[in-house]
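Here is a short briefing on salt bridges, meant to be read with the structure open beside you. Please have a look at the model, and then we can go through the pairs together.

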Amino acid sequence: MNIWTVANQKGGVGKTTSTIALGGLLAERQQKVLLIDLDPHASLTYYFNIDSESIQHSAYNVLLAGAELSKNLLTQAIQPTAFEGIHVLPSTMALATLDRKLGSRSGMGLVLKRGLDMLQKEYDTVLIDVPPVLGVLMVNALAACQQVVVPVQTEALALKGLERMLQTLTLVQNSLKKHHQVTVVPTMYDRRTRASLEAYKSLLAQHGSKVWTGMIPIDTKFRDASAAHTPPSLHAPNARGVVAYQQLLQHLLTLSQRGGH
């Protein structure tokens with residue numbers, strides 16, 4: 001089972017869009033895909049028309065269970081979607097309270113990993129969407145995954161956020177005694193602006209080997225797909241952005257095979 005975390009400590013860079021776009025493309029390849037929403041804003045959850053405040057179980061209950069987590073609770077929390085092959089572990093606002101409630105409890109960073117170990121035979125790929133904050137949610141996601149996908153908007157301020165994210169990743173890796181395959185993904189690329197080109201060149205110059213050599217363009221079809229609550233590849237299969245995500249997916253799958261996952 002491939003487990004990929006989509007993370008950045010800067011918001012608004014395309015994390016949720018990337019998670020959903022990759023998930024949709026994997027499902028089209030007949031994979032069974034689990035999308036995990038660990039962001040209290042619940043954007044991914046709402047994308048799939050799941051009302052996070054009216055469901056009985058969510059990612060919050062899964063993490064709150066800690067050492068008592070059972071496969072039964074986990075499967076109760078996972079929701080089907082209208083799309084074949086795609087399931088969602090939904091978020092809720094209560095996730096924002098976990099650090100205060102459980103941050104000091106021993107083993108809290110490994111709950112999700114243990115839960116996903118129970119689902120090894122159920123899914124081909126798991127994608128985890130995390131909030132832009134270092135805390136118990138991001139630590140759980142990083143402890144559980146083999147690959148980290150870091151979407152970075154191609155503009156100067158976002159590059160500074162990337163430095164912070166990579167430093168955080170190193171800290172967490174040292175703490176977990178774990179190494180991740182890291183792929184930096186340039187997003188929201190606007191070929192008409194010099195700023196986008198300069199930022200893209202800076203990314204390659206500073207982080208060469210980590211940076212995927214393609215880029216995800218600005219594409220209004222992503223917004224249309226969101227309004228239709230449909231993965232971009234199903235809503236507009238030939239859109240420029242979807243074609244770019246197909247290329248990114250192929251790159252990530254190749255990395256997974258090389259890494260033995």
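**Salt bridges in the predicted model**

R192 and D190 join their side chains in a salt bridge, with N and O 2.9 Å apart. Please keep in mind that this is a predicted model. Across the whole structure, a search turns up 4 salt bridges, and the notes below walk you through some of them, including the pair just named.

**R192 and D190**
- The two partners differ in their surroundings: R192 is exposed, with a relative accessible area of 72%, whereas D190 has 13% and counts as buried.
- D190 is classed as buried because its 13% falls under the 20% cut-off.

**E122 and K71**
- In the salt bridge between E122 and K71, the closest N and O atoms are 2.9 Å apart.
- E122 sits in the loop between α6 (111-118) and β5 (125-129), while K71 belongs to helix α4 (residues 71-77), so this pair ties together parts that lie 51 residues apart in sequence.
- E122 is partly exposed, at 33% relative accessibility, and K71 is also partly exposed, at 36%.

**K113 and D117**
- K113 pairs with D117 in a salt bridge whose closest N and O atoms are 3.6 Å apart.
- Helix α6 holds both K113 and D117, which are 4 residues apart, or about one turn of the helix.
- For K113 the relative accessible area is 33%, which makes this lysine partly exposed.
- D117 is partly exposed as well, with 41% relative accessibility.

Notes. Residues numbered from 1 in each chain as written. Predicted model: local features only at pLDDT ≥ 70, side-chain atom pairs only at ≥ 80, totals over all residues. Heavy atoms only, no water. Helix = DSSP H or I, 4+ residues; strand = E, 2+ residues; numbered from the N terminus. Buried < 20%, exposed > 50% of the residue type's maximum accessible area, 1.4 Å probe, protein only.
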